[in-house]
Amino acid sequence: MARNLALIDPDVVISIRIPLMSRPNRFVLSLLFPIVMRILCDAIVIPPKSFWKQFDIPKSVEKDLFWDLPESRQALRNYFGDVRMLATDTGLMNRASRLVWKACKMDGRASRFRSEPHRSSHNAAA
């Protein structure tokens, strides 16, 4: 095992640790995982309230940009393809957790491989 933690791939650590957890703990983690990911995404992506006030941007614009428009919801889903793949590979994707992913508006197809490009039907025709 590497001594420098920066050299350790977090996906590898997660895929080793999760199967060692008890079944009830894995179930609770499967429910909390998408919620924590959504909270962290909002914290990273959405600018602070002071930004909106400083530049006098209407609340409706903020709502449209961040997750109310179909395009922004699709972008949110696309952000989490690799995370859904990790959840699937580690056994954290079950019926109950799929409902949580859907409630967080981050549901969708898991990536087939890391950093898989997002393709839509109209892009593939070109």
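**Figure 1. Glu62 touches Ile46 and Trp52.** Those two contacts leave aside residues up to four places away in sequence. The model shown here, and in every view below, is predicted. Glu62 belongs to helix H4, which spans residues 59–68. Its relative accessible area is 15%. Buried means under 20%, so Glu62 counts as buried.

**Figure 2. Helix H7 has a buried side and an exposed face.** Helix H7 covers residues 95–103. Ser97, Val100 and Trp101 are its buried residues. They lie on the same side of H7, because they cover an arc of only 100 degrees around the axis. An α-helix has 3.6 residues a turn, so residues three or four places apart point the same way. The buried residues of H7 pack against H2 and H6. Turn to the face pointing away from the buried side: there sit the exposed residues Arg95, Leu99, Lys102 and Ala103.

**Figure 3. Look at the two ends of H7.** At the start of H7, Asn94 reaches toward the backbone. One of its side-chain oxygens comes to within 3.1 Å of the backbone nitrogen of Ala96. Just after H7 comes Lys105. Lys105 has a positive phi of about 60 degrees.

**Figure 4. Asp107 sits in the loop between H7 and H8.** Helix H8 runs over residues 121–124. The side chain of Asp107 makes a polar contact with the side chain of Arg77. The distance is 3.4 Å. Leaving out residues up to four places away in sequence, Asp107 touches Arg77, Arg84, Trp101 and Lys102. Two of these have appeared already in the view of H7: Trp101 is buried, whereas Lys102 is exposed.

**Figure 5. A nonpolar patch lies on the surface.** Its members are Phe27, Val28, Leu32, Ile35, Val36, Ile39, Leu40, Ile44, Val45 and Tyr79. Together they have about 910 Å² of accessible area. Helix H2, residues 23–45, gives the most to this patch, with nine residues. Phe27 is in helix H2. Its relative accessibility is 39%, so Phe27 counts as partly exposed. H2 also appears in the view of H7, where the buried residues of H7 pack against H2.

**Figure 6. Asp89 is an exposed residue of helix H6.** Helix H6 spans residues 81–89. Asp89 has 60% relative accessibility. Exposed means over 50%, so Asp89 counts as exposed. Now find Ala110. Asp89 and Ala110 are 21 residues apart in sequence. In space, their C-alpha atoms are 9.8 Å apart.

Methods:
Residues are numbered from 1 along each chain as its sequence is written. This is a predicted model: local features need pLDDT of at least 70, side-chain atom pairs count only at pLDDT 80 or more; totals for chains, interfaces and linings use all residues. Side-chain values use heavy atoms; hydrogens and water are left out. Helices (H or I, at least four residues) and strands (E, at least two) are DSSP runs, numbered from the N terminus. A polar contact is a pair of N or O atoms within 3.5 Å; within protein, one must be able to donate a hydrogen and the other to accept it, and residues adjacent in sequence count only if both atoms are side-chain atoms. Contact means heavy atoms within 4.5 Å. Patches are made of residues with over 30% relative accessible area and no salt bridge: like charges are joined within 9 Å, nonpolar side chains (Val, Leu, Ile, Met, Phe, Trp, Tyr) within 5 Å. Accessible areas come from the Shrake-Rupley method with a 1.4 Å probe; for residues, only the protein chains shown count as cover. A salt bridge is a side-chain nitrogen of Lys or Arg within 4 Å of a carboxyl oxygen of Asp or Glu. Buried means under 20% relative accessible area, exposed over 50%, partly exposed in between (1.4 Å probe, protein chains only). The arc is that of the directions from the helix axis to the C-beta atoms.
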